[in-house]
Amino acid sequence: MGTQEIGESLIKSEDDILSCRQLIRSVAMAIGFGMTDVTRIVTAASELSRNINVHAGSNGIMRWKILQQLEKIGLQLEFEDFGKGIPDIEQAMTVGFTTSNSMGMGLSGVKRLMDEMTIKSEVGVGTIVTIAKWRKAT
Ligand SMILES: Nc1ncnc2c1ncn2[C@@H]1O[C@H](COP(=O)(O)OP(=O)(O)OP(=O)(O)O)[C@@H](O)[C@H]1O
Ligand SMILES: [Mg+2]
């Protein structure tokens with residue numbers, strides 16, 4: 001494993017979605033995820049950074065962290081924003097629910113793509129979405 005095990009990247013503009021995607025792609029590849037899982041992780045990162053742009057005033061940060069356990073390795077991503085918050089998380093997770101005339105598929109899609117997902121949010125304060133994926137033993 002390389003030396004760096006954590007990192008972060010600001011999400012302040014639409015361009016930062018691309019930076020997040022590229023960063024997470026290289027981290028996931030360095031961990032040894034297969035191409036299918038790399039694509040899943042990058043897609044999830046893309047959706048969550050896009051949500052920060054669309055729903056949280058482009059004011060957030062993504063942090064990544066390599067998870068090490070006895071028999072497995074994983075990647076955890078945390079998307080923290082300082083936007084308006086999510087009043088009803090269960091509703092936000094529902095397929096088709098959107099407040100922006102979009103598809104309302106982002107959060108439910110991310111949950112499907114990843115192994116773990118938790119959302120913490122406080123209205124008027126912000127939101128933290130944490131996701132993780134474990135690398136299958138080869
Ligand atoms: N970071 C966030 N801050 C505040 N509200 C959010 C945030 N992320 C999601 N939401 C709320 O949850 C809803 C559902 O999010 P989701 O990503 O599933 O769909 P969407 O962004 O509306 O559409 P899509 O992602 O399919 O383009 C959003 O419409 C918004 O109301
Ligand atoms: Mg979305």
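Here are some numbered notes on this structure, which is a predicted model.

1. **The sheet.** A good place to start is the open sheet of five strands, whose order is β1-β2-β3-β5-β4 with antiparallel pairing. At its edges sit β1 (6-11) and β4, each of which pairs on one side only. On average, neighbouring strands in this sheet are turned by 15 degrees against each other, direction ignored. As a general reminder, strands of a sheet pair through backbone hydrogen bonds, either parallel or antiparallel.

2. **β2 and β3.** These two strands, residues 60-68 and residues 73-81, run antiparallel and are joined by nine bridges. They form a hairpin, with four residues between them. If you would like to find the register by eye, arginine 63 stands opposite glutamate 78 in β3. Further along, lysine 65 stands opposite glutamine 76 in β3.

3. **β3 and β5.** The next pairing is also antiparallel, with eight bridges joining β3 to β5. Glutamine 76 is a handy landmark here: alanine 132 in β5 stands opposite glutamine 76, and lysine 65 is also placed opposite this glutamine.

4. **β4 and β5.** Seven bridges hold the antiparallel pairing of β4 and β5. Here glutamate 116 stands opposite alanine 132 in β5. How many residues lie between the strands in the hairpin of β4 and β5? There are three, and glycine 124 in this hairpin takes a positive phi near 85 degrees.

5. **The helix across the sheet.** Helix α2 lies across β1, β2, β3 and β5, and runs at about 10 degrees to β3. This helix also has a part in the ligand site, since α2 gives the largest share of the shell around ligand 1, five residues.

6. **The ligand shell.** Ligand 1 is surrounded by 24 residues, the closest being Ala92, Thr98, Thr99, Ser102 and Gly106. Two elements give two or more residues to this shell: α2 (35-55) and α4 (106-113). Sorted by class, the shell has twelve polar, nine nonpolar and three charged residues.

7. **The buried face of α4.** Which residues of α4 are buried? They are Gly106, Leu107 and Val110. Seen down the helix axis, the buried residues of α4 fall within an arc of 95 degrees, so they line one face of the helix. They pack against α2, α3 (89-93), β4 (116-122) and β5 (126-134). Note that Gly106 appears twice in this story: as a buried residue of α4 and among the residues closest to ligand 1.

8. **Threonine 99.** This residue, one of those closest to ligand 1, lies in the loop between α3 and α4. Is threonine 99 buried, exposed or partly exposed? Threonine 99 has 13 other C-beta atoms within 10 Å, and the cut-off for exposed is 12 or fewer while buried needs 20 or more, so threonine 99 counts as partly exposed. Its C-alpha atom is separated by 8.6 Å from that of histidine 55, although the two residues are 44 residues apart along the chain.

9. **Two residues with positive phi.** Most residues other than glycine have a negative phi, and two serve as exceptions here. Serine 58 has a positive phi of about 50 degrees although it is not a glycine. Its place is in the loop between α2 and β2, where serine 58 is partly exposed, with 18 other C-beta atoms within 10 Å. For asparagine 101, phi is near 55 degrees, again a positive value in a residue other than glycine. Asparagine 101 is found in the loop between α3 and α4, and is exposed because 6 other C-beta atoms lie within 10 Å.

10. **Serine 9.** To finish, have a look at serine 9 in strand β1. With 18 other C-beta atoms within 10 Å, serine 9 is partly exposed. Not counting residues up to four places away in sequence, serine 9 touches Asp16, Ser19, Cys20, Leu23 and Met62. Serine 9 and cysteine 20 are eleven residues apart in sequence, and their C-alpha atoms are 6.8 Å apart in space.

Technical notes:
Residues numbered from 1 in each chain as written. Chains lettered and ligands numbered in written order. Predicted model: local features only at pLDDT ≥ 70, side-chain atom pairs only at ≥ 80, totals over all residues. Near = placed C-beta within 6 Å. Nonpolar A, V, L, I, M, F, W, Y, C, P; charged D, E, K, R; others polar. Arc of directions from axis to C-beta. Contact = placed C-beta atoms within 7 Å. Pairing = 2+ DSSP bridges. Axes fitted to C-alpha atoms, helices over the stretch in contact; angles between N-to-C directions.
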